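Visitor: I'd like a close look at one part of this model, the place where protein meets DNA. Could you take me through it slowly?

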Amino acid sequence: MRHVVGLGEGRGGAGGGGASFSGFLSPAKVEHSTLGESPAMKRARVAATGPKAEFFDDAGLDDGDVALAGKVGSLNGELLAEFESLLAFYASKKTEPWRERQYRKIVAVLKNLPFRITCLEDLNRPQCAVLNGGHTRTRVEEFLRRGKIQLAQNLQNDPRTVAISMLMNFGVQGGKGKYGSYVGTSTAEKWYDSGITTLPQLQHRIESDPTFLTHNQRVMWDFRSDFSQRVPRREVELIADVIAGVFPSSSVVEVMGSYSRGAPDCGDIDLLVTCHGDVGRRCSEAVEALTKAQFITATLRDSHHAPGAHSGQWMGGCRLASLVPARPGFADYTLHRRLDIKVYPPKFRAFAQLYFGSGQEFNRAIRLFATRQGYTLSDQGLRRATRGKNEKGEYGTLWEGPLLEDPSGCNWTTEASIFEFLGLPFIPLEDRDNGIGVARLEAMARAQATKPAAEEDCFIVPTDPRSVVAAANLQRLAPLPSLAEGWRSNGIVALDCEFVGVGRNTSGIGGERNALARASVVSYSGDVLLDTFVKVEEPVTDFRIHVTGLTQANLDQGISFQEARDHVIRLLEGRVVVGHSLAHDFKVLNYHPPAVLLRDTSSCPHLRPGDKGKSLKALSEQHLGVKIQDGTHCSVEDARAALYLYRSVQDLWDPTPPVLGTSAKAEALDKHLTEAAENMAAPVATGHNEPLAQHFDRLAARSHHYAKDHYVRVSRTLRSLPYHLQSPKDLLRPELRCVGRGKAHADIVRMLHEGVNEVNKGA
DNA sequence: GCCT
DNA sequence: CAGTACG
DNA sequence: AGGCCGTTACTG
C-alpha cells in the first residue's frame, strides 16, 4: 500500500488511497493488488461484475425496462443508427462543433437507454431530455412515423463524411468513435481536399512521405492496431503497479477513468499520482525510469517541457512484455497500451479526482455551473472569476481571483468539499458518466437561475481602516443597513482616477502608456472614501499637468500602486461602481468587476448627450447645471459628478437591486465588515477643526442641493481630520482635495489668515 | 444542435 | 496562434 | 442573438 501521510482520507470517504499498489511486480503482489481497494473501488468492481449497470434513475422505469436492461443499446438500435450517421456527418465538419456535441449527447443517451422508444410521449421521460428539443423531437417523430430519418439516409453514405471519418480515425472502427489520432477535422479536410480519400491512399502517402505525419500522428498510426484493443481490468492493475513502483513510497497512485467506474475493460489507462515536491520533476523521473525499463515505448506528451507547471503529465504508449516474460498458459502482454500519467500535489488531489473520475460532459457541466456561480473550476482548484464582455466586445474571463481556500479548513481533501462549496449535492462516481449527473447539475442550475436575488446574496464591503478619512466616514456609515433597504445608497460608490504618461512613443514625445497617479473613490453621499496620490515606478514622461494638475511632488507623497489598487478594490468589491468611461480606470488598475455592477455615465441610456457631446464635463453641465473641470481635473470632483449624474437617473437606471454576489462570498465579507466596524469602535481624533467645521455647517444650513451636500461634506471632513489645519499648504493633502478649488477652498484660506469670525462677519 |  | 487531446 | 469547460495542456 502506498499512502501519503497527511493527505487525509482517500477517495470514497474512508481510508485507503483508492487503488494503491505494491510497487514491485511479482505474481504474489499482483494477486493481492485489490486488497487495498477503497469502498468506492469495491463498489465499482461489484458494479462491473453484476448485471449491466443501472444507467438511469429508476424514475419512469417499469419492470419491463428492468428486464431489458441487460441488452441496452439494441433497444433503440435503428434509431441509434440514424443518429449515428447524423453525428458522423456533423463530426466531419469543423464548422459544426456544437451540433456535433449535441448529436454526441443524443447518441450516448440512445446507447444506454433502458427502454425502447415507441411513442412520442416516451420523450417526456427525464432520461430523454436531450431528445426532446425542438429539432431532435421532430426527427424522432419522423422516425416513429416512417421508420427512418430522411436526412440521415441522405447523409449516411456521403462520401466526404465517410472519408473524413476514416482519416480522423486512421480507419480504426468502434470504441468511443474517437481514436485520438491527432488528426482533427482541419487536417482531415486538408488531406481530403488533397485527394486522399481511402485508407490505402492514406497508407501509401504516409509510407512514401516520412514528413507527412507529425510525431504524435505517427505514434498513433504505428500503434493503431494495438491501441484500438481494449485493456482488461487485470492488465490495468498490473500497469498501475509498475507505475507505483517508480514514484516515492509516500505517493498515492489511483486508477481513474472507466476503470474507476467499474468497466470490465478500458480503452486506455488513466493514472492519477499524488505526491509531494516538484510534481513535474517527479513525473519526469518516473518516465525516465520506465523508459529505461523499456516499459514506455512511445511518448505523446511530456510535461518536462513545461517546468514549474502545476501538474506533471505524461501521455504515451507502454507495454508490460519487457517486465512480464511470456509464460505458457498465461496471458502475454505484448500489446502496446495507451497510458496517461498525471501527477498532482496533494492540494489538487480532489480537483484532479473530480476531473479524471468524471465523464467529459459531467466535467463541462460542473464547470459551467461554477462559472454561473461566479467561480471557475479546473483540475487545479477553484477561484473567484467573473465573465463578461471586454472593451472589444469579446466574451470571456474578465477577472480571476487567487485560488480559494476550503471554507471548511480542510484544504479540499475530498471531492465532497468541492460539491459542498458550490452548493451542490454530492454526485456519486457512477452518475458522472451516464447523463444522470449532468441532468442533476442542469436542474440545480435552473433552480439557481430562477431564484430571485436574496438579501444574503448581497453584501457591502467596508472601507479600508488604514485611511484616516475613510475610517471617519465608515464610522458614520456603520452599522450599515441591510442591502434590501439600503443598497441604493450604501451599495454604491463612484470611482475616478488620474493618469500620467510613462514610456516613450515613437516620436519621442512621451506618454506612451497610462500610469495611475491619483485614485479617488466617493460614497453615495459624495464623501471621500479614498483619495490618494500614487507613486509611479517608471519615470513620468508626461504629467499632462494642464489636465491632471499633478506634479512630481504630488506623486512623491503618494502610496504605492499595489497599495492603492488594494484600497480601491476593497472599496469597490461587491458594490455598484459609478464612473465615466470606467474601462480606462479598470484597465490601468488591472481590475475588472462584473458588468452587472458597473454604471458608466458615458454610456447611459437615460443620460442623452446634448450638442456638446457626452464628456463628463458636458453631461454635468447639461444634466446637473454644474460646471466642472474648469482648469485642471480633480478626480474627486469627477467621481462626484458621475455620481450625481447617476443619482439623477437612478430610479430609471436601477429600479431593482442588482445581484451582487453569492452567499459564500457575502459571509466572508460580512465577517470582514464586522471586524472592521469593531476596529473602528475607538473614535478617531475629532474636533481639531471645530470652528472651521461650524462655518461650513452654517453655510450648509442656508444652501441647497449640491452646494449643501458639498458644505456638509467639507464640514464632516474637517471634523474627522486627525490633525489641526493650520496652513493653506495642508489643503494640498489628498484627504483635503475634496474641498475643491472653489468657495470652500477660498473660505478656508481666508479663515486661516483672518480668523473664522472675520470671514463670517463679511458673509 | 439546445437553452436563455 | 490554430489545432488537437484529456475527462 | 449568442453562449456552449478549462488562467487544462502540448505541438508545430
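Visitor: To start with, which polar backbone atom is 3.3 Å from a phosphate oxygen of DNA strand B?

Guide: That one belongs to G134: a polar backbone atom there is 3.3 Å from a phosphate oxygen of DNA strand B. Bear in mind as we go that this is a predicted model.

Let's stay with strand B for a bit. T136 does something along similar lines, with a polar backbone atom 3.1 Å from a phosphate oxygen of DNA strand B. Y90 joins in through its side chain, where a polar atom lies 3.4 Å from a phosphate oxygen of the strand. Those are three of the residues to click on, but the full surround of DNA strand B is Y90, W98, R99, Q102, Y103, G133, G134, H135, T136, R139 and R446. On the DNA side, sugar and phosphate make up 64% of the strand B atoms that come within 4 Å of the protein.

Where does that surface come from? Two helices, α5 (97-112) and α6 (134-146), each supply at least two of the residues near DNA strand B. By residue class, the surface splits into 3 nonpolar, 5 polar and 3 charged. Y90 and Y103 are worth a second look, as they also belong to an aromatic cluster with F83 and F89. So Y90 turns up in two settings: in that cluster, and with its side chain 3.4 Å from a strand B phosphate oxygen.

Now swing over to DNA strand C. There are 20 residues around this strand, and Y182, T187, D270, Y355 and S358 come nearest. Sugar and phosphate account for 71% of the strand C atoms within 4 Å of the protein. For the backbone of the DNA, have a look at G184, where a backbone N or O atom lies 2.8 Å from a phosphate oxygen of DNA strand C. R338 reaches a phosphate oxygen of strand C as well, with an N or O atom of its side chain at 2.9 Å. Q360 goes for a base instead: an N or O atom in its side chain is 2.8 Å from a base oxygen of DNA strand C.

The surface near strand C draws on several elements, with α9 (185-193), β7, α16 and α17 (360-372) each giving at least two residues. Its residues divide into 5 nonpolar, 9 polar and 6 charged.

R338 is a good handle for moving into the protein, since its side chain also makes a polar contact with the side chain of D340, at 3.0 Å. D340 sits in strand β7, and with 7% relative accessibility it counts as buried. Leaving aside residues up to four places away in sequence, D340 touches D268, I269, D270, L271, W314, M315 and G316. You'll recognise D270 in that list: it is also one of the residues that come nearest to DNA strand C.

Follow β7 along and you get to Y344, which forms an edge-to-face aromatic pair with F356, 6.1 Å centre to centre and with 70° between the planes. Y344 lies in strand β7 (residues 337-344) and F356 in helix α16 (residues 349-357), so this pair ties together parts that are 12 residues apart in sequence. Both Y344 and F356 are buried. And β7 and α16 are, again, two of the elements that each supply at least two residues of the surface near strand C.

There's another edge-to-face pair to look at, Y375 with F421, at 5.1 Å centre to centre and 75° between the planes. Here the ring of Y375 comes from strand β8 (residues 375-378) and that of F421 from helix α18 (residues 415-421), so the pair links parts 46 residues apart in sequence. Y375 counts as buried at 6% relative accessibility, and F421 does too at 17%. Over the whole structure, a search turns up 16 aromatic pairs.

While you have the rings on display, find two arginines. The charged end of R224 sits over the ring of W221, 3.6 Å from its centre, and that of R233 sits over the ring of Y259, 3.8 Å from the centre.

Finally, zoom out for the setting. Chain A has 33 helices and 16 strands, and 48% of its 763 residues count as buried. Among its contacts between residues at least 6 apart in sequence, 64% join residues at least 24 apart.

Definitions and conventions
Residues are numbered from 1 along each chain as its sequence is written. Chains are lettered from A and ligands numbered from 1 in the order in which they are written. This is a predicted model: local features need pLDDT of at least 70, side-chain atom pairs count only at pLDDT 80 or more; totals for chains, interfaces and linings use all residues. Side-chain values use heavy atoms; hydrogens and water are left out. Rings of Phe, Tyr and Trp (its six-membered ring) pair if their centres lie within 6.5 Å; planes under 30 degrees apart count as stacked, over 60 as edge-to-face and the rest as tilted. Helices (H or I, at least four residues) and strands (E, at least two) are DSSP runs, numbered from the N terminus. Buried means under 20% relative accessible area, exposed over 50%, partly exposed in between (1.4 Å probe, protein chains only). A charge sits over a ring if NZ of Lys or CZ of Arg is within 6 Å of the ring centre and within 35 degrees of the ring normal. A residue is near a molecule or strand if one of its heavy atoms lies within 4 Å of it. A polar contact is a pair of N or O atoms within 3.5 Å; within protein, one must be able to donate a hydrogen and the other to accept it, and residues adjacent in sequence count only if both atoms are side-chain atoms. Ala, Val, Leu, Ile, Met, Phe, Trp, Tyr, Cys and Pro count as nonpolar, Asp, Glu, Lys and Arg as charged, and the others, Gly among them, as polar. Contact means heavy atoms within 4.5 Å.
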